[in-house]
Amino acid sequence: MSQSDTTLRIELQFSGGMELLFDNQKTIHAKVPALFPVDVSTENKHAATIRDLISWTANNLLKERPELFIGVDGSVRSGILVLVNGADWELEGELEYELEDRDEIVFISTLHGG
């Protein structure tokens with residue numbers, strides 16, 4: 001397998017305060033595994049989804065306060081808008097959206113102090 005077969009180049013963008021959790025980085029160009037294990041007891045793998053991306057991002061890029069990024073169900077926390085290539089992720093299948101090379105995923109916090 002070539003490098004491009006094993007990883008996906010994903011542009012992650014963070015705003016609305018989300019960037020503070022990622023060392024003040026508004027944009028991160030990440031190389032994400034193209035396949036993830038179905039579960040820990042098998043060697044079977046599935047195509048990377050946003051569900052996998054959220055977990056991977058939390059484990060590899062998040063610098064602080066994971067409770068402000070990940071909710072109890074493994075999704076993003078309530079109050080975070082997610083866009084997939086400019087479209088609301090609800091139109092793309094939310095957590096089950098299969099990532100593609102060069103996707104742009106945007107996380108925007110809609111919760112602000114005041």
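Two strands count as paired here if DSSP finds at least two bridges between them. Keep that in mind as you walk through this predicted model, starting with its sheet.

**Stop 1: the middle of the sheet**

Select S5 (residues 80-84) together with S7: five bridges join these strands, which run antiparallel. Zoom in on two of the pairs. Leu-83 has Val-106 of S7 as its bridge partner, and Val-84 is bridged to Ile-105 of S7.

Now add S1 (residues 7-15) to the selection. This strand is joined to S7 (residues 104-109) by five bridges as well, but here the two run parallel. Look for Leu-12, which stands opposite Ile-105 in S7. Ile-105 is therefore a good residue to label, since strands of a sheet pair through backbone hydrogen bonds, either parallel or antiparallel.

**Stop 2: the whole sheet and its edges**

Show every strand of the sheet. In what order do the five strands lie? Reading across, the order is S2-S1-S7-S5-S6, in an open sheet with mixed pairing. S2 and S6 (87-88) are the edge strands: each has a single partner strand, so one side of each has no neighbour in the sheet.

Next, bring in H2. This helix packs on the sheet, where it touches S1, S2, S5 and S7, and its direction makes about 115 degrees with that of S2.

**Stop 3: the hairpin of S5 and S6**

Move along S5 towards the S6 edge. S5 is mostly covered, with four of its five residues buried. Two bridges join S5 to S6, and the strands run antiparallel. Val-84 appears again here, this time standing opposite Ala-87 in S6. Between the strands of this hairpin are two residues, and Asn-85 takes a positive phi near 50 degrees.

**Stop 4: helix H2 from the inside**

Colour H2 (residues 50-60) by burial. Its buried residues are Ile-50, Asp-52, Leu-53, Ile-54, Trp-56, Thr-57 and Ala-58. Their packing partners are S1, S2 (27-33), S3 (35-37), S4 (45-47), S5 and S7.

Centre the view on Thr-57, which sits in helix H2. Is Thr-57 buried or exposed? Thr-57 counts as buried because its relative accessibility is 0%, and the cut-off for buried is under 20%. Leaving out residues up to four places away in sequence, Thr-57 touches Leu-12, Phe-14, Phe-22, Leu-62 and Phe-69. You have already met Leu-12, opposite Ile-105.

**Stop 5: two residues on strand S2**

Select Ala-30 in strand S2. Ala-30 is buried, at a relative accessible area of 5%. Its C-alpha atom is 7.2 Å from that of Leu-12, although the two are 18 residues apart along the chain. Beyond the neighbours within four places in sequence, Ala-30 is in contact with Leu-8, Arg-9, Ile-10, Leu-12, Trp-56 and Leu-61.

Then go to Pro-33, also found in strand S2. Pro-33 is partly exposed, with a relative accessible area of 26%. Which residues does Pro-33 touch, not counting those up to four places away in sequence? They are Thr-6, Thr-7, Leu-8, Ala-48 and Trp-56. Trp-56 and Leu-8 are thus worth keeping on screen: both are in contact with Ala-30 and both touch Pro-33. For a distance to check in the viewer, try Pro-33 and Ser-55, which are 12 Å apart C-alpha to C-alpha and 22 residues apart in sequence.**Stop 6: the largest pocket**

Select Gly-16, Gly-17, Met-18, Leu-20, Leu-21, Leu-68, Arg-77, Ser-78, Ile-80, Ser-109 and Leu-111 to see the lining of the largest pocket. The space in this pocket is about 170 Å³. By residue type, its lining divides into six nonpolar, four polar and one charged.

**Stop 7: two loop residues with positive phi**

Finish in the loops. Asn-24 lies in the loop between S1 and S2. It is not a glycine, yet Asn-24 has a positive phi of about 60 degrees. Asn-24 is exposed, with a relative accessible area of 55%.

The other residue is Glu-94, in the loop between S6 and S7. Glu-94 has a positive phi of about 50 degrees, again without being a glycine. At 33% relative accessibility, Glu-94 counts as partly exposed.

How values were computed:
Residues numbered from 1 in each chain as written. Predicted model: local features only at pLDDT ≥ 70, side-chain atom pairs only at ≥ 80, totals over all residues. Heavy atoms only, no water. Buried < 20%, exposed > 50% of the residue type's maximum accessible area, 1.4 Å probe, protein only. Contact = heavy atoms within 4.5 Å. Axes fitted to C-alpha atoms, helices over the stretch in contact; angles between N-to-C directions. 1 Å grid on protein atoms, 1.4 Å probe; cavity = no way out; pocket = protein on both sides within 12 Å on 5 of 7 lines; lining within 4 Å. Points joined across faces, edges and corners; volume = space filled by probe spheres on them. Nonpolar A, V, L, I, M, F, W, Y, C, P; charged D, E, K, R; others polar.
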